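Me: Please take me through this structure in short questions and answers. Charge pairing and annotated spans come first on my list.

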Amino acid sequence: MKLSLHWLNDFLPLNSVPFDAVIEKINTSVCEIDDIEEYKHHLRSVITVKISSLSKHPNAEKLQVTECTDGKKKYQIVTGATNVKEGDIVPLALPGTKLDGKEILSSELRGVPSEGMYCSEKELGLAEVSSRVLIFPSSTELGISIRKLFNWEDTILTIDNKSITHRPDLWSHFGFARELSSQLEIPLHFEPLSAKEDFQKGNDGLTVKSNGNAHSYNVASIPKIKIAPSNLKIKSRLEKCGIRSINNVVDVSNYLLLEVGQPTHFFDRVKLKSTEFQVDFAKQDESFGLLDDSDQKLTPDILLIRNGSDPVAIAGVMGGKDSAVGESTVDLVLESAVFKREDVRKSIRKTSIRSESAVRYEKGLDSSTCLPVIARTLQLLRENGNPDAKGFEPQGFNHTASKKVIIETTLRFLHSKLGKDISLVEIQKILEKLGFAVKTSGDSIEVEVPKFRQNYDVTIPEDLVEEIGRTIGYASIPVQPLALAVETPIRNPLRELERRTKAFFANNLTFHEVYNYSFSSSEESKIEGEKEKNILGIANEMPEEYSVLRASLLPGLIKQAANNQDRFEIVDLFEVGRTYHKLNENELALENRWIGFISLSSAKQNDYQTIDSEFVSLRHKISRIFEVLNVRSGLWTKESLPYLHPNAGLSYKVEDKTIIEMGILHSRFADKYNLKKRAFVGKINLLNLLEVWEKEGRQSHFKAPSSFPQGQLDLSILMNETESTDYYLNLVKSKNIPEIETGWVHTIFRGGNLGEGKKSVTYRFRLMSYEKTFTQERFKELSDELVKLAEKSGLTLR
């Protein structure tokens, strides 16, 4: 928002206070200033001069040599302009002036000295296109700056809108002046909303249908007006605040917006088909032309102004084109209203139109200004080219005229929140100069909020603390150290486990963490076999894809992998999250916590041997989480799960508790989500893992490192395709052979001379002795023992 310092001086004598003090007070007690600039400062050296003579340039046919005067000094100017003549008063840019990024210099043009340049409207910023020198009326004073001539000698403050989004009363020059009056303790000498007006009797045929769709709505008939350009004061003030001048009627509406913050709108009465107005909601797909030449399809939650049954404006946002004031307008209907901010915000969101009026309405305006602003409108119309303008009595309603906001608090409360002791007398003085009415009784304080602050702004005792604090200056509140007890933090085992497992996936496995919504579609929540009755729906309206609380992390992970499969060669993702399951109608839903993961294979879809090797490798890597967590018990078993490919599912269990499920994603889900590669997916049940970790993870499994070198033993076994590779590993583990530290599936081979339905599984065992170095004899003994165990179990060596 832009504020004119010259305009602010209309309301209070800011010039009596040092400028730096004003700026400091605004920044410390009111809001943030983004920028301070002298308006069109670069035109300070462009002055008005009168051409006293013209002659042809001796060396150039298209140039003229002119002499001009500012009333005191003469200048020689060489120009190519063809529209100037002797006696014309024109703008002259003196040497040193910068226009369009170029500096004007004293120079010679074809051998003739020139001491500046005559300017066009484009060069002065008055028109977008212009090639002719601007000629002023003959009555124009000579030798004055263009800034002074056009009322541009002003300082413009640019206010950070975010810092006043909660202060609708500050979105105008008068509102800001009223705030500065209280903060700087200098009195207001002009209040525009106190204007008095003798309205003509009667309604001139206009009526307003009362309903609850607006806080206040009023119209007034203003006949016999004349459309013309605005006077210099209004035109220049609008331009300085970034609003283009249109005509003397529309400009008054925009001027009021910037002056008092109350939007108004003019209708051309001749273009209206009815004399009745009402605030009503749109019908589905209803449309009409707006002032910005758009024609939008409306929805039933957009608030309109209707003239009879015809829509003529989107309430608080923008007026209609068909009823707009134009060159031929004679009779006006003035609208002054305050709409519910929720309705205006919805209209802004639906239409994507964010007008200056809408920006103010969405903050929540005070309906008590609706009638006073009509009187001020007539006053401005008379000042701006319609000296005989008169209005009929306003017609309408105000549902919030009697609204009051009373806040009760205590001196003790204010002191405790403020962090500084202030006397009751000082508090009362501060609040009263801000416009509040204060009553005190002992320690109790009763405060009535002024109407211009009571809508969504000051409503609770804490708001009064802010008003007092910013007025005395936050820097005046003493800084004190926080009094905090030093206590041992309460341990949260689940959070600790989450951090450790996340670190394992990110650091040890180099997976990337992702975040997905906790919402999903009902169909996606059934990926793991969840029943419809156990899916928890969301009560508020949501799109179908986000209509339930998720019962599985896998769909989100699969979609993330699908989105990234063409961007990266390696796609390894994990997510820590919750799933939700409804047990019955009378109990709270069950909330489970998981780490879900997905890894895309680098192999081709039909390269089963490589896919198997990758799966075995991933299982081995995932298993290392138990080493990290110091958990040593548990077995991998084959598992048949609905979301995994047949014969490609595993689970890791500890004491009948399933800790991990993983496998190759079923092809029907891979196809559904357009995965181009095989996907290894799985999940870790954090709640089950927590039980095991709390029980076993605290135990010490430390062994001193062996001083003897370790060994390694490989054994290949021929198995049926359907047999689990873990069967033999579990057999070896059950024997508790002291030298075998660990064992795992190293490779799986198919094809060749193995025959159909067969696979060769190579197991690798890490050997460690704590007593002596391995000998060839002991290696052979261990090898023979492993071979006998396989043969005894019906397995065939390869």
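**Domains and charges**

UniProt places the feature "domain: FDX-ACB" (unreviewed entry) at residues 706-798. UniProt positions are given in the numbering used here, feature names are shortened, and annotations may be inferred rather than shown by experiment. The model is predicted: local features need pLDDT of at least 70, side-chain atom pairs count only at pLDDT 80 or more, and totals for chains, interfaces and linings use all residues. Residues are numbered from 1 along each chain as its sequence is written, and side-chain values use heavy atoms, with hydrogens and water left out.

Me: How far apart are the end C-alpha atoms of residues 706-798?
Reply: UniProt gives this span as "domain: FDX-ACB" in an unreviewed entry. Its content is 29% helix and 34% strand; helices (H or I, at least four residues) and strands (E, at least two) are DSSP runs, numbered from the N terminus. The separation of the end C-alpha atoms is 33 Å.

Me: What is the distance between the end C-alpha atoms of residues 40-147?
Reply: The UniProt record, an unreviewed entry, lists residues 40-147 as "domain: TRNA-binding". Helix makes up 2% of the span and strand 37%. The end C-alpha atoms lie apart by 7 Å.

Me: How much of residues 402-479 is strand?
Reply: UniProt lists "domain: B5" (unreviewed entry) for residues 402-479. The end C-alpha atoms are 43 Å apart. Helix covers 38% of the span, and strand covers 19%.

Me: Which residues form a positive surface patch?
Reply: Lys and Arg count as positive and Asp and Glu as negative, while His and the chain ends are not counted. Patch residues have over 30% relative accessible area and no salt bridge, with like charges joined within 9 Å. The positive patch is made of Lys-403, Lys-404, Lys-439 and Lys-451.

Me: Is Lys-404 buried or exposed?
Reply: Lys-404 sits in the loop between β21 (395-398) and β22 (406-410). Buried means under 20% relative accessible area, exposed over 50%, and partly exposed in between (1.4 Å probe, protein chains only). The relative accessibility of Lys-404 is 59%, so this lysine counts as exposed.

Me: Which residues form a negative surface patch?
Reply: One member, Asp-35, lies in strand β2 (residues 33-38). Asp-35 is partly exposed, at 37% relative accessible area. The members of the negative patch are Glu-32, Asp-34, Asp-35 and Glu-37.

Me: How many salt bridges does a search of the whole structure find?
Reply: Side chains of opposite charge can pair when their charged atoms come close. A salt bridge is a side-chain nitrogen of Lys or Arg within 4 Å of a carboxyl oxygen of Asp or Glu. The count over the whole structure is 43.

Me: Which residue forms a salt bridge with Lys-240?
Reply: The closest N and O atoms of the pair are 3.0 Å apart. Lys-240 belongs to helix α5 (residues 232-240) and its partner to the loop between α3 (146-149) and β12 (155-159), so the pair ties together parts 86 residues apart in sequence. Lys-240 is buried at 2% relative accessible area, and the partner is buried at 4%. That partner is Asp-154.

Me: Where the side chains of Arg-354 and Glu-362 meet, what is the N to O distance?
Reply: Arg-354 is exposed, with 52% relative accessible area. Glu-362 counts as buried at 9% relative accessibility. Their salt bridge has an N to O distance of 2.4 Å.

Me: Which residues are linked in a network of salt bridges?
Reply: Pairs can join into a wider set. The linked residues are Arg-167, Asp-169, Glu-179, Arg-453, Asp-457, Glu-467 and Arg-470.

Me: What is the phi of Glu-655?
Reply: Most residues other than glycine have a negative phi. Glu-655 lies in the loop between β32 (644-654) and β33 (657-665) and is exposed, with 55% relative accessible area. Its phi is positive although it is not a glycine, at about 50°.

Me: What is the phi of Asp-204?
Reply: Asp-204 is in the loop between α4 and β13 (207-209). Asp-204 is partly exposed, with 31% relative accessible area. Not a glycine, Asp-204 still has a positive phi of about 55°.

Note on methods: Patch = residues over 30% accessible without salt bridge, like charges linked within 9 Å, V, L, I, M, F, W, Y side chains within 5 Å. Areas by Shrake-Rupley, 256 points an atom, 1.4 Å probe, with all protein chains shown as cover. Charge placed at Lys NZ, Arg CZ, Asp CG, Glu CD.
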